[in-house]
Amino acid sequence: MFNVDLSTRYIGGQPVVGLSGKLDLADTPAAATHLTTAVAACGPSVIVDLAALESIGYSGLAVLVRVLKWTRGSGGDLSLAAPQQQVRRILEATGLIDVFPVYPSVEQAANSARLARARPSAVWQRPSPARITLSRGRRPWDRAACHPSARPLPRHQTCRPRHIVRGAC
């Protein structure tokens, strides 16, 4: 009935979800449920062991990306460990090899996660407008001050060159 087998275990205190078989369209709901349950129960950082996964379809990749967004939104991460050559080629072809942290083994992924947990996390915060200034103390949204040949329009808050007549556009 199912082409993929799912298992959960711990290595070095890190939860590891093992995928084996073929992850295609029919198996993505079960995989999504299992991964989200593992993240909810075990914490925001999870390692996915791909050593026994023979192939993955685009729907399976979509599940991994969705869980990755959820874990990163929760302050964690989703690491992929030991992908076989065929799965690695799919990750490279789609560009997801640069999105996910991919490790050659589960142990290396667990060590990296343990080191990341030991470091204090630096959460990026958007700077307030009072702290963002350009040279000579001007704000970046003061486009008339930045571009002398442009003037701001009061209604649309956009700029246009001074030589364009107001009613021409």
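Buried residues, defined by a relative accessible area under 20% (exposed, over 50%; partly exposed, in between; 1.4 Å probe, protein chains only), make up 31% of the 169 residues in the protein. The structure is a predicted model, in which local features need pLDDT of at least 70 and side-chain atom pairs count only at pLDDT 80 or more, while totals for chains, interfaces and linings use all residues. Residues are numbered from 1 along each chain as its sequence is written, and side-chain values use heavy atoms, with hydrogens and water left out. The accessible surface of the protein comes to about 10600 Å² (Shrake-Rupley method, 1.4 Å probe; for residues, only the protein chains shown count as cover), and carbon and sulfur atoms hold 56% of this surface.

Five helices and seven strands are present, taken as DSSP runs (helices, H or I, at least four residues; strands, E, at least two) and numbered from the N terminus. Along the sequence they follow the pattern β-β-α-β-α-β-α-β-α-α-β-β. Of the contacts (heavy atoms within 4.5 Å) with a separation of 6 or more, 59% are between residues 24 or more positions apart.

Strand E3 is largely enclosed by the rest of the structure, because eight of its 11 residues are buried. Pairing of two strands requires at least two DSSP bridges between them. E2 and E3 run parallel and are joined by seven bridges, with Lys-22 opposite Ser-55 in E3. E3 also pairs with E4 in the parallel sense, over four bridges; Leu-80 in E4 is the bridge partner of Val-48. The chain crosses from E3 through H2 to E4 in a right-handed β-α-β crossover, meaning that, with the strands pointing away from the viewer, the path from the first strand over the helix to the second runs clockwise. A right-handed β-α-β unit is likewise made by E2, H1 and E3.

Helix H2 comprises the 16 residues 58-73, and its end C-alpha atoms lie 22 Å apart, in agreement with the 22 Å expected at 1.5 Å a residue (1.5 Å times one less than the number of residues). Its buried residues are Gly-60, Leu-61, Val-63, Leu-64, Val-67, Leu-68 and Thr-71. Seen down the axis of H2, these residues fall within an arc of 155°, so they line one face of the helix; the arc is that of the directions from the helix axis to the C-beta atoms. An α-helix has 3.6 residues a turn, so residues three or four places apart point the same way. The cover over the buried residues of H2 includes E2 (14-23), H1 (28-42), E3 (46-56), E4 (78-81) and H3 (85-94). The face turned away from the buried side of H2 carries the exposed residues Tyr-58, Arg-66, Lys-69 and Gly-73.
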